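Here is a short tour of some side-chain pairings, one helix contact and a few backbone details. Please keep the structure open beside you as you read.

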Amino acid sequence: MESDPPAAPDRGEHSDEVAALAARYGRIPTSERVRLAKSTSNLFRFRAPVSGGLDVTGLDRVLRVDPRQRVADVQGMTTFEDLVAATLPYGLMPLVVPQLKTITIGGAVAGLGIEASSFRNGLPHESVLEMEILTGDGSVVLARPDNEHAELFRGFPNSYGSLGYALRVLIELQPVRDYVRLRHVPFDSTAACAGVIEHIGRSGSWNEQRVDFLDGTVFGANELYLTLGTFTSRAPYTNDYTGNRIYYRSIRGREVDHLRTHDYLWRWDTDWFWCSRAFGAQHPAIRPFWPRRLLRSDVYRRLVSLDQRHGLSERFYRLRGRPSREPVIQDVEIPLDRLAEFLEFFHSEIGISPVWLCPVRLRDGQGWPLYPMDPATLYVNVGFWATVPLGEGQSVGTHNRAIEAKVSELDGHKSLYSTAYYEPEEFWRRYDGTTYRRLKQRYDEAGKLPDLYEKCVLGT
């Protein structure tokens, strides 16, 4: 690892920025619903671009990295790309680094993030020690698990900016080595794959080798792979998947691989998992001419936003006489012992491929009320991001509603970064409306921020 990282900005500058932001927020009439004005987003609830929203883009720096205490003091709009760039020179990284570079610290805490270390380290907000939050009523509070704002600390994850915005976060770090060795283990059934996930989740190892990272890729009902990552100080070679080579395709062709730790953390970002193929970026005649700096998830997301805004794909389908297609962009947590049931339904009724698997178990035994996973249960996050043709008489929402119903039937949970169709009663039952209403009353009594249902289902 490199040494002598650059000095961090002064905390006093941060305090001045917070005071200025709170003053801007206070000038917004209580009759107006506040929305953030920022240049990037990883949400898939597309709305008209913000004009005159609350500008928080300046709060995007790493304030301090403390290698002895293994913590980082980070402003809320800092991307994980910038945080990793600041911590790796110290031989450290966050305990969970969500897979896309432009996910922000505040976004991962107020929403949900996940990655291949989640079977060990839970969700990103579980490594947060304290948060400085601008609440809906305009106050700036310091929320910790042991102070007067402890309920806000626990209720902030999965609140999606409906209770306030994280301005500064103190987050734990973990030591890393220079390289990650990967083992791509094939399976011909979900049951066999789930058995190995259970073993690794319980023991933290496979074939007497420690497993630091664990995720999976499903290419079909009888073709699944688990990728087991282990930190190592030496590597006989390394591969680079930020140019012409495409990471997810290597899973089928290699039993063992080696990546630099930095490249491993961002292995999915270059092709947005596999979604870059929708834009032709994986075509061998196009790939060499696609600028490497534009092989990024935020570029593809902007293209999707443009398509959604102008209905370009829908026009294309209509001109070609093809059926309309419904976007099915979801991440769901399924208890491991119900994974086979979910994938059987998914292959039969939805038919998207590939599918991402990411085992996760909460670190904190108290749990998190607005996303009430059972701390004793090992879940598997199932991620799928594509469009599905609509049949005769079907309307947009048909497939997503079917998925929501199946997830509920299997005692799973659905992330709210994308479209949701729950009726209010079920939504608040699944996302602890009692706790949420108490927090909303205390920190945003006037309702200056839209509530969670309005944001995540109604799209306001």
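E409 and K406 join their side chains in a salt bridge, with 3.3 Å from N to O. The model you are looking at is predicted, so please read every value here as computed from that model. Both residues of this pair belong to helix α12 (residues 398-409), where three residues, about one turn of the helix, lie between their positions. The two partners differ in exposure: E409 is partly exposed because its relative accessibility is 47%, between the 20% and 50% cut-offs, whereas K406 counts as buried at 17%.

How many salt bridges turn up in a search of the whole structure? The search finds 26. In general, side chains of opposite charge can pair when their charged atoms come close. Three of these pairs are set side by side here.

| Salt bridge | N to O distance |
|---|---|
| E409 and K406 | 3.3 Å |
| K440 and D444 | 2.8 Å |
| R144 and E130 | 2.7 Å |

Let us take the pair of R144 and E130, whose closest N and O atoms are 2.7 Å apart. This salt bridge links distant parts of the chain, with the two positions 14 residues apart. R144 sits in the loop between β7 (140-143) and α5 (150-155), while E130 is part of strand β6 (residues 128-135). Is E130 buried or exposed? E130 is buried, with a relative accessible area of 10%, and its partner R144 is partly exposed at 27%. The two residues also take part in a network of salt bridges that links D73, E130, E132, R144, D146 and R168.

The remaining pair in the table, K440 and D444, has its N and O atoms 2.8 Å apart. Here K440 and D444 are both buried.

Now back to α12, this time with its neighbour in the contact. Two packed helices are described by the angle between their axes and the distance between the axes. The axes of α11 (residues 339-349) and α12 come within 11 Å and cross at roughly 165°. That angle is over 145°, so α11 runs roughly antiparallel to α12. The crossing of α11 past α12 is right-handed. Which residues meet in this contact? From α11 come E341, F342, F345, F346 and E349, and from α12 come H399, A402, I403, K406 and V407. By class, the contact has six nonpolar residues, one polar residue and three charged residues. K406 therefore appears twice in this account, in the contact with α11 and in the salt bridge with E409.

Following the chain on from α11 brings a backbone detail. P354 is placed in the loop between α11 and β16, and the peptide bond from S353 to P354 is cis, with omega near -5°. Strand β16 (residues 355-360) holds W356, a buried residue with a relative accessible area of 0%. W356 and R11 are 345 residues apart along the chain, and their C-alpha atoms are separated by 39 Å.

Two residues other than glycine deserve a look for their positive phi values. Phi of F273 is near 65°; F273 lies in the loop between α8 (261-265) and α9 (297-310) and counts as buried at 5% relative accessibility. Phi of D432 is near 50°. D432 lies in the loop between α13 (424-430) and α14 (433-443), and is partly exposed, with a relative accessible area of 22%.

Methods: Residues numbered from 1 in each chain as written. Predicted model: local features only at pLDDT ≥ 70, side-chain atom pairs only at ≥ 80, totals over all residues. Heavy atoms only, no water. Salt bridge = Lys/Arg side-chain N within 4 Å of Asp/Glu carboxyl O. Helix = DSSP H or I, 4+ residues; strand = E, 2+ residues; numbered from the N terminus. Buried < 20%, exposed > 50% of the residue type's maximum accessible area, 1.4 Å probe, protein only. Axes fitted to C-alpha atoms, helices over the stretch in contact; angles between N-to-C directions. Parallel < 35°, antiparallel > 145°, perpendicular 65-115°, else oblique. Left-handed = near helix turned anticlockwise from the far one by under 90°. Contact = heavy atoms within 4.5 Å. Nonpolar A, V, L, I, M, F, W, Y, C, P; charged D, E, K, R; others polar.
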